[in-house]
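Please open the model in the viewer and follow the stops below in order. The tour begins with the whole chain and ends at a single residue.

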Amino acid sequence: MISALQESFGTVRGVLFDIDDTLVDLEYAMTTALRDVSEHLLPGLDQAGWEKFGRIFTHETTHFYDRYLAGELTFNEQRLLRGRAALGHFGVELGGEDSHTWLRDYSRLQPSYVRAFSDVVPVLDALDAAGIPYGAVSNNVHDYQRVKLDSAGLARITVLVGTDTVGVPKPDPAIYLEGVRRLGTIPAETLFVGDNRLLDADGATTAGLQGIWLNRTGEAASDYSGHEIDSLSRLLA
């Protein structure tokens with residue numbers, strides 16, 4: 001199985017992964033917890049409405065997360081602003097003590113729904129068997145992502161670089177290179193796999209690694225000419 005990896009990418013001595021929506025199904029955890037803590041505010045909302053609610057929170061309010069990465073908002077502030085935006089779309093104003101309760105309940109529930117994608121463990125097993133080290137590099141802080149990996153049954157991933165580890169987020173080259181340093185490899189012989197084409201595939205490639213876009217959703221990108229897979233299992237096929 002590892003021979004297929006070497007045939008596709010040449011000499012591979014290490015693999016780094018993004019975490020959210022690459023190793024861990026964050027969208028499922030977020031949307032499930034969102035519904036749990038918001039149903040009493042949106043009684044009678046149909047399935048299409050809940051799907052729209054989830055899309056707003058997970059995809060249409062990422063500018064708040066970008067402001068968090070830029071140091072303009074705290075993590076909880078960006079999370080609450082995203083919740084307010086999603087609820088506001090349906091005419092619900094979240095404020096005062098209700099906002100603190102909503103945020104507290106969401107923060108408590110979301111980790112309980114975190115789970116690894118089904119293609120993760122077989123790939124890690126194969127890398128372990130071949131003696132190829134691996135780790136994770138994330139655009140979130142180390143301790144928060146450590147809990148997420150452990151909750152998803154991925155405690156075996158011991159190399160973890162967060163934005164607070166080096167003080168910069170992706171696509172700054174320093175964050176990928178710190179992952180390479182911790183693996184004890186060199187950039188050209190290290191794969192970086194992630195679901196964000198710009199931050200993971202292009203950013204890692206610019207830093208000298210072999211960036212791979214994990215396109216689980218089949219997103220069209222005619223201008224992308226780099227490595228692309230639709231499942232982690234493709235690394236071994």
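A residue is called buried when its relative accessible area is under 20%. By that criterion, 49% of the 237 residues in the protein chain of this predicted model are buried.

**The whole chain.** Select the protein chain and display it as a cartoon: eleven helices and six strands make up its secondary structure. Its radius of gyration is 19 Å, close to the 18 Å that the globule rule gives for 237 residues, so the chain is as compact as a globular protein of that length. Reduced to the C-alpha trace, the protein chain spans about 55 × 35 × 35 Å along its principal axes. With contacts displayed, consider those between residues at least 6 apart in sequence: 62% of them join residues at least 24 apart.

**The surface.** Next, switch to a surface representation. The accessible surface of the protein chain amounts to about 10900 Å², and carbon and sulfur atoms account for 51% of it. Colouring by charge brings up 20 positive and 34 negative side chains, with the centres of the two sets 2 Å apart.

**Leu160.** Now select residues 159-161, which form strand S3, and pick out Leu160 within that strand. Is Leu160 buried or exposed? Leu160 has a relative accessible area of 2% and is therefore buried. Show its neighbours next: beyond residues up to four places away in sequence, Leu160 touches Ile19, Ala136, His142, Gln145, Arg146, Leu149, Thr165 and Arg182.

**From Leu160 to Thr74.** Finally, draw a C-alpha to C-alpha distance between Leu160 and Thr74: the two residues are 21 Å apart in space and 86 residues apart in sequence.

Key
Residues numbered from 1 in each chain as written. Predicted model: local features only at pLDDT ≥ 70, side-chain atom pairs only at ≥ 80, totals over all residues. Heavy atoms only, no water. Helix = DSSP H or I, 4+ residues; strand = E, 2+ residues; numbered from the N terminus. Rg over C-alpha atoms; globule rule 2.2 N^0.38 Å. Buried < 20%, exposed > 50% of the residue type's maximum accessible area, 1.4 Å probe, protein only. Contact = heavy atoms within 4.5 Å. Areas by Shrake-Rupley, 256 points an atom, 1.4 Å probe, with all protein chains shown as cover. Lys, Arg positive; Asp, Glu negative; His and termini not counted. Charge placed at Lys NZ, Arg CZ, Asp CG, Glu CD.
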